[in-house]
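Subject: Handover of a structure model

Dear colleague,

Please find below the structure that I am handing over to you. My account of what was found in it follows directly after.

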Amino acid sequence: MSTEPPESTVSPPEGYTSATSRRTFIATTAVGGAVVAGGLIAGPSVFGAEPADAAGAPPSSRVSLTVNGKRHTVTVDNRTSLLDLLREHLGLTGSKKGCNAGACGACTVLVDGHRVNSCLTLAVRLDGAEVTTIEGLSKGERLHPLQQAFIDQDAFQCGYCTSGQIMSGVGCINEGHTGSPEEIREFMSGNICRCGCYVKIVRAVEQTAHGK
């Protein structure tokens with residue numbers, strides 16, 4: 001039985017001669033494949049994709065509202081929250097962005113005298129409204145009584161939630177929900193203090209409400 005390997009019946013590729021080395025053929029094939037691949041990548045999309053800006057700019061509206069006694073008229077994206085309007089457009093950064101989901105109360109402000117979570121309130125819905133933020137409570141160098149009470153009672157530590165706590169406390173007092181410490185805790189329950197100053201916060205609200 002012959003031990004010679006069977007003769008190949010596969011014809012060499014066109015252009016391949018005995019003078020062409022295997023190394024040269026492989027290199028030539030690889031370069032040609034890369035050129036083809038590059039052409040496919042650089043060529044126009046077969047899906048006919050439209051330019052990124054084809055959808056146009058998001059809808060926006062012009063809003064006029066009074067913030068801390070000053071009238072402002074701005075044009076904003078219809079999705080802009082009151083919190084972002086205050087912080088990003090008007091430079092009023094006292095209202096903090098905590099959870100941005102209405103769960104912590106750090107963004108609490110007063111709208112027409114009522115407390116709201118500004119992160120959940122669309123700015124475009126407040127045309128003509130009056131908004132009060134922590135920056136608008138004091139009268140010059142004279143602090144609002146609740147601001148002073150927070151100092152007297154040492155009702156804050158890190159201070160991040162403090163502006164929302166004070167604004168909610170002002171709303172709680174205006175609403176008449178200060179009959180007892182239990183009532184204050186109930187109606188201030190939407191404001192979270194991660195430092196745990198709740199007892200002192202209640203005392204500050206009591207001091208302001210009852211002139212203690």
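I begin with a pair of helices. The axes of α4 and α6 come within 10 Å of each other and cross at roughly 45°. That angle makes α4 oblique to α6, and the crossing in which α4 passes α6 is right-handed. From α4, the residues Gln165, Gly169 and Ile173 make the contact, and from α6 they are met by Ile201, Val205, Thr208 and Ala209. Divided by class, the residues of this contact are four nonpolar, three polar and no charged.

Before going further, I should state that this is a predicted model. The mean pLDDT of the chain is 85, and 74% of its residues reach 70 or more. Over residues 34–47, however, pLDDT stays under 50, and the model has zero contacts beyond four places in sequence for this stretch. Where pLDDT is low, the predicted coordinates should not be read in detail.

Helix α3 and its two partners

Two packed helices are described by the angle between their axes and the distance between the axes. Helix α3 covers residues 145–152 and helix α4 covers residues 162–175; the two pack at an angle of about 125°, with their axes 10 Å apart. This angle makes α3 oblique to α4. The crossing of α3 past α4 is right-handed. On the α3 side the contact is made by Leu146, Gln147 and Phe150, and on the α4 side by Thr162, Gln165, Ile166, Gly169 and Val170. The contact of α3 with α4 counts four nonpolar, four polar and no charged residues.

Helix α3 also packs against helix α6, which spans residues 198–210; their axes come within 8 Å and cross at roughly 135°. The helices α3 and α6 are therefore oblique to each other. Here too a right-handed crossing is found, with α3 passing α6. Pro145, Leu146, Ala149, Phe150 and Asp152 in α3 meet Ile201, Ala204, Val205, Gln207 and Thr208 in α6. By class, the contact of α3 with α6 has seven nonpolar residues, two polar and one charged.

Some residues recur in these contacts. Leu146 and Phe150 of α3 take part in the contact with α4 and also in the contact with α6. Gln165 and Gly169 of α4 touch α3 and are likewise part of the contact with α6.

The sheet

The model also contains an open sheet of five strands in the order β2-β1-β5-β3-β4, with mixed pairing. Its edge strands are β2 (70–77) and β4 (114–117), each of which pairs on one side only. Direction ignored, neighbouring strands of the sheet are turned by 40° against each other on average.

Two helices pack on this sheet. Helix α2 (residues 82–89) touches β1 (60–67), β2, β3 and β5 (130–132), and its direction makes about 105° with that of β2. Helix α4 touches β3, β4 and β5, with its direction at about 40° to that of β3.

Strands of a sheet pair through backbone hydrogen bonds, either parallel or antiparallel. I take the pairs in turn.

- β1 and β2 run antiparallel and are joined by eight bridges. Ser60 stands opposite Asp77 in β2. The two strands form a hairpin with two residues between them, and Asn68 in the turn has a positive phi of about 55°.
- β3 (residues 108–111) and β4 pair in the antiparallel sense over four bridges. Val111 stands opposite His114 in β4, and Thr108 stands opposite Asn117 in β4. The hairpin of these strands has two residues between them, and Asp112 takes a positive phi near 50°.
- β1 and β5 pair in the parallel sense over two bridges. Thr66 stands opposite Glu130 in β5.

In summary, α4 touches the strands β3, β4 and β5 of the sheet and also packs with α3, while its axis comes within 10 Å of that of α6. When you examine the model, please bear in mind the stretch 34–47, where pLDDT stays under 50.

With kind regards

Conventions: Residues numbered from 1 in each chain as written. Predicted model: local features only at pLDDT ≥ 70, side-chain atom pairs only at ≥ 80, totals over all residues. Heavy atoms only, no water. Axes fitted to C-alpha atoms, helices over the stretch in contact; angles between N-to-C directions. Parallel < 35°, antiparallel > 145°, perpendicular 65-115°, else oblique. Left-handed = near helix turned anticlockwise from the far one by under 90°. Contact = heavy atoms within 4.5 Å. Nonpolar A, V, L, I, M, F, W, Y, C, P; charged D, E, K, R; others polar. pLDDT = per-residue confidence, 0-100. Pairing = 2+ DSSP bridges.
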